[in-house]
Amino acid sequence: MMEKNIVLVCSAGMSTSMLVAKMKEEAQKEGLSYDIRAIGSTEALNYVKENKTDVILLGPQVRYLESTYNKELAGLDIPISVIKPQDYGTMNGKNVLDYAKTLMNVE
């Protein structure tokens with residue numbers, strides 16, 4: 001099975017790293033080999049340009065960056081979307097992981 005790389009973009013990274021931990025827990029339960037990381041919005045674009053990334057999820061607090069990311073990363077064919085505020089607010093790792101899988105067309 002191919003490893004998938006999921007990048008969560010946030011403003012500072014504190015709450016998002018909690019969500020990453022919950023997503024990793026869920027991926028492990030499902031036996032998935034996923035690299036899931038939270039990266040601050042200032043470094044994320046460069047990171048994605050230099051590292052294989054399968055999906056980018058924006059924290060609700062940085063949703064305004066979606067169009068910038070779509071423009072900057074247009075040629076890379078990486079799905080970019082905003083995490084649902086209710087899943088983010090409740091730190092629902094399973095829902096966010098399922099959403100990432102949907103965006104990557106993974107069952």
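# A guided tour of the chain

Start with the charged side chains. The chain carries 12 positive and 14 negative ones. The centres of these two sets lie 2 Å apart. Keep in mind throughout that this is a predicted model.

**The whole chain**

Now show everything as a cartoon. You will find 5 helices and 4 strands. Follow the sequence from its start, and the elements come in the pattern β-α-β-α-β-α-β-α-α.

Turn the model around. Its C-alpha trace spans about 35 × 30 × 20 Å along the principal axes. The radius of gyration is 13 Å, which agrees with the value near 13 Å for a compact globule of 107 residues.

Switch on the surface. About 5,800 Å² of the chain is accessible, and carbon and sulfur atoms make up 50% of that area. Of the 107 residues, 47% count as buried. Next, think about contacts between residues with a separation of 6 or more. In this set, 72% come from residues 24 or more positions apart.

**Strand E1**

Select residues 4-10. This is strand E1. How many of its 7 residues are buried? The count is 7 of the 7, so E1 is largely enclosed by the rest of the structure.

Show the side chains here. In a regular strand, side chains alternate between the two faces of the sheet. In E1, Lys4, Ile6, Leu8 and Cys10 point one way. Asn5, Val7 and Val9 point the other way.

**From E1 to E2**

Add residues 34-40, which form strand E2. E1 and E2 run parallel, and 7 bridges join them. Pick out two of the pairings. Ile6 has Ile36 as its bridge partner in E2. Cys10 has Gly40 as its bridge partner in E2.

Colour E2 by burial. Here 5 of the 7 residues are buried, so this strand too is largely enclosed by the rest of the structure.

**From E1 to E3**

Return to E1 and add residues 55-58. This is strand E3. E3 runs parallel to E1, and 4 bridges join the two. Which residue of E3 is the bridge partner of Leu8? It is Leu57.

Look at the side chains of E3. Val55 and Leu57 point one way from the strand. Ile56 and Leu58 point the other way. All of these residues are buried.

**On to E4**

Stay on Leu57 and add residues 80-82, strand E4. E3 and E4 run parallel, joined by 3 bridges. Leu57 stands opposite Ser81 in E4. Leu57 therefore appears in two pairings, with Leu8 of E1 and with Ser81 of E4.

**Helix H1 and Lys22**

Leave the strands and select residues 14-29. This is helix H1, and Lys22 sits in it. Is Lys22 buried or exposed? Its relative accessible area is 39%, so it counts as partly exposed.

Show the surroundings of Lys22. Setting aside residues up to four places away in sequence, Lys22 touches Met91 and Gly93. Then draw a distance to Lys101. Lys22 and Lys101 are 79 residues apart along the chain, and their C-alpha atoms are separated by 15 Å.

**Two positive phi angles**

Go to Asp77, in the loop between helix H3 (66-72) and E4. Its phi is positive, about 55 degrees, although Asp77 is not a glycine. Asp77 has a relative accessible area of 71%, so it is exposed.

Finish at Asn105. It lies in the segment after helix H5 (93-103). Phi of Asn105 is near 60 degrees, again a positive value in a residue other than glycine. Asn105 is exposed, with a relative accessible area of 69%.

How values were computed: Residues numbered from 1 in each chain as written. Predicted model: local features only at pLDDT ≥ 70, side-chain atom pairs only at ≥ 80, totals over all residues. Heavy atoms only, no water. Rg over C-alpha atoms; globule rule 2.2 N^0.38 Å. Buried < 20%, exposed > 50% of the residue type's maximum accessible area, 1.4 Å probe, protein only. Contact = heavy atoms within 4.5 Å. Areas by Shrake-Rupley, 256 points an atom, 1.4 Å probe, with all protein chains shown as cover. Lys, Arg positive; Asp, Glu negative; His and termini not counted. Charge placed at Lys NZ, Arg CZ, Asp CG, Glu CD. Pairing = 2+ DSSP bridges.
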